[in-house]
Every structure is written in C-alpha cells, then in structure tokens.
Amino acid sequence: MDAATREAEGLLFAHRHLLGIQGLSRSDIETILDLADSYVELNRGRDKRADALRGMTQINMFFENSTRTQASFELAGKRLGADVMNMAVAQSSVKKGETLIDTAMTLNAMHPDLLVVRHPNSGAVNLLASKVNCAVLNAGDGRHEHPTQALLDALTIRRRKGRLSRLTVAICGDIAHSRVARSNILLLGRMENRLRIIGPPTLLPPGIGNFGVEVFEDMREGLRDADVVMMLRLQKERMDGAFIPSMREYYHRFGLDAEKLVHAKPDAIVMHPGPMNRGVEIDGLLADDINVSVIQEQVEMGVAVRMAAMDLLARNLRARNDRDETVPC
C-alpha cells in the first residue's frame, strides 16, 4: 500500500502487526506516541472506556510468565471495548507436545482479531504472525525484541523531558540477555539520541559497539551528564553460567545509588522496566524517590501505549476487511 492510498484511507500506521521496533520508521513511532498521549488523559479520567476495539476479540497468549505485561495488555484491551481472553498456556495442549504451527491453526479457527504473544524463543512471535489471519503484537520474544516496552519508555521520556531526541541516554546492566535493551537501542537511536551502554564485559553482547552506541565498563564515567538513566534487570533465568562474581559485587560496581547518580545531570530521570531487584540493580530508596524515579510512570504509560498500538492495528484490520468485502467474486 503506497502513501497516497494510506492517506486516502486515513491509515497513519500502515503495519499489519507490531513485531518489533526494527521495522518502524520515526513517523510510525511518533504516531503511536501521539495517540498514546490521548489515552493517558482518558485513563486519568472518570470514564476510562472507549470503543476502538468494540466487537473485536483479543487473545493474550503468554508462554512466559509476566504478570505486569499481561495485566497491562488485558486492561488496555478491555478499556478499548474488546472481548479479552487469556490463554493458560501452562495448562494447554502446548505442554502436551503441540507445535507452534498447530497452535496457530487452532487460534485461526477461533477468528481472533488481535493476538498478543510472549514467547521464550526469539522469532517465535514472527512465525506465529506468518500463520494467522489476525494482527499480532509481540509482548517479548527471547532476546529479540519487546517493542511496547521501548515505546512506553519513549513516551515516559518524552513527557518528562519534553522531547525524544538529542538526549544522552545511559542503559545499564544486563545488556546481553535483554530484549528491552535491544528495542530501546533501536528506538532511541532512530530518534537521534546519544546512547551509552554500561555493564561488565560478561553482560555485553558481542559486537555491541556496532549498534552506534558508546560502551563503558565504568558506571560513573558512563553516567556523566546523562539525561536519562535506564537500569535493567539481571536476567538470571536466561543465564547458564557465572556472569558476575556475586550480587554484592555487582551492586557495588553497577548498581545505581545516589552517589553514582550524582555524575548524571541534575535533572536526570531514572527508569527500570521491572520487576526490580532492589539492592542489586538499584537502591530501593532511589527507586521510590519521585523526584528522580519515573518507574511508576512507566507502568502507567504502558497501558496507554498498548491501547494506542492495538487501536492502530485494529484500524488497519478493519480497512483491510472492508477492501476484501468490496473485491468482486
């Protein structure tokens, strides 16, 4: 579909799925964030209901546990008027040996409109998207991407800083195992920010310097004059060896506390995608300090961003269905 056709049909986000930041343009990102801004205001009002997904069915299918992300998608769908179903994958036939392709065929037979998927294997969500007729949203796949997390982080930054470009952003911690880090590097880099990656060599992926980022092993040096400090959780469930000497040593060198934060700009904000390991990645008092921490705002922005993403995909889905209905047999 070309730009003229999209404009004529009122489509500002010409994507069938949201599988990653990799395939999004700067304009796509801004479209999602602008719409999410309006949903922030809706969510803060007395009546939090909208009808963008009225008559549609949303299935949340989480092959990995994630209370925070699943609850956010569920709430977003319900506020937009969708019929929302959470599939209990742990008790499903997937555990009995059903393949991902079989699962896709089963889902297709249910005629969902939106499918939200989290999977422990990179690329699994893309495979599902190629086999189903509905719109698919990636809620995190392996070490690949977590696009809505990066988008909610971007919205949080934009609302706090008044812009989403020409900022110095330090991303600290377990970069090697983090899909959040990958999606944020892609998004924030596309928006022309200066990116710094901080962590021990054992937690940095090979070739990280080729991603257009600066790499630091010294926390204080990496935080110098940063506008945004983004801490990452240690992904212990994805580690199959000794990546750090001890939790105490890790916190001493790479955990964020007030003393290290002094090296960032005075108005720097502190972020964390959650769940936090207090006293490992970040000092608990600092995490709760509303003067610098935007961690709770990230949770709030998550609902708004997921509402915006599903709204835009639903518009495209309806437009595609309308076109199919007008094609003569």
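Colleague: Where is the place of A176?

Modeller: In this predicted model, A176 lies in the loop between β5 and α7 (179-190).

Colleague: What makes R143, L203, L204 and P205 residues that A176 touches?

Modeller: Contact requires heavy atoms within 4.5 Å. Leaving aside residues up to four places away in sequence, A176 touches R143, L203, L204 and P205. A separate value concerns Q235: A176 and Q235 are 59 residues apart in sequence, yet 9.1 Å apart in space, C-alpha to C-alpha.

Colleague: Strand β5 borders that loop. How do you know that β5 pairs with β8?

Modeller: Two strands pair if at least two bridges are found between them. Strand β5 (residues 168-172) and strand β8 (residues 228-231) are joined by 4 bridges, so the requirement is met. The two strands run parallel, and V169 stands opposite V228 in β8.

Colleague: What is the order of the strands in the sheet?

Modeller: The order is β7-β6-β5-β8-β9, in an open sheet of 5 strands with parallel pairing.

Colleague: Why are β7 and β9 called edge strands?

Modeller: Strands β7 (214-216) and β9 (269-271) each pair on one side only. From one strand to the next, the twist averages 20°.

Colleague: Which strands does helix α6 touch?

Modeller: Helix α6 (residues 147-161) packs on the sheet and touches β8 and β9. Its direction makes about 165° with that of β9. Angles over 145 degrees count as roughly antiparallel, so this term applies to α6 and β9.

Colleague: Why is α2 called roughly perpendicular to α6?

Modeller: The axes of helix α2 (residues 26-44) and α6 cross at roughly 75° and come within 10 Å. Because angles of 65 to 115 degrees count as roughly perpendicular, α2 is given that description relative to α6. The residues of α2 in the contact include I29, I32 and L33, and those of α6 include L151, A154 and L155. The contact residues divide into 8 nonpolar, no polar and 6 charged.

Colleague: What is the domain assignment of the protein?

Modeller: The assignment gives domain 1 (3-145 + 300-318) and domain 2 (147-294). Their C-alpha centres lie 26 Å apart.

Colleague: How do you know that domain 1 and domain 2 are in contact?

Modeller: With contact set at heavy atoms within 4.5 Å, 34 residues of domain 1 are in contact with 27 residues of domain 2. The domains bury about 2,700 Å² between them, 57% of it on carbon and sulfur atoms. In domain 1, I21, R26 and R143 lose the most area to domain 2, together 25% of what that side buries.

Notes: Residues are numbered from 1 along each chain as its sequence is written. This is a predicted model: local features need pLDDT of at least 70, side-chain atom pairs count only at pLDDT 80 or more; totals for chains, interfaces and linings use all residues. Side-chain values use heavy atoms; hydrogens and water are left out. Axes are lines fitted to C-alpha atoms, for helices over the stretch in contact, and angles run from 0 to 180 degrees between N-to-C directions. Angles under 35 degrees count as roughly parallel, over 145 as roughly antiparallel, 65 to 115 as roughly perpendicular and the rest as oblique. Ala, Val, Leu, Ile, Met, Phe, Trp, Tyr, Cys and Pro count as nonpolar, Asp, Glu, Lys and Arg as charged, and the others, Gly among them, as polar. Domain bounds come from an automatic or database domain assignment. Buried area is the accessible area (1.4 Å probe) that two parts lose on being put together, summed over both.
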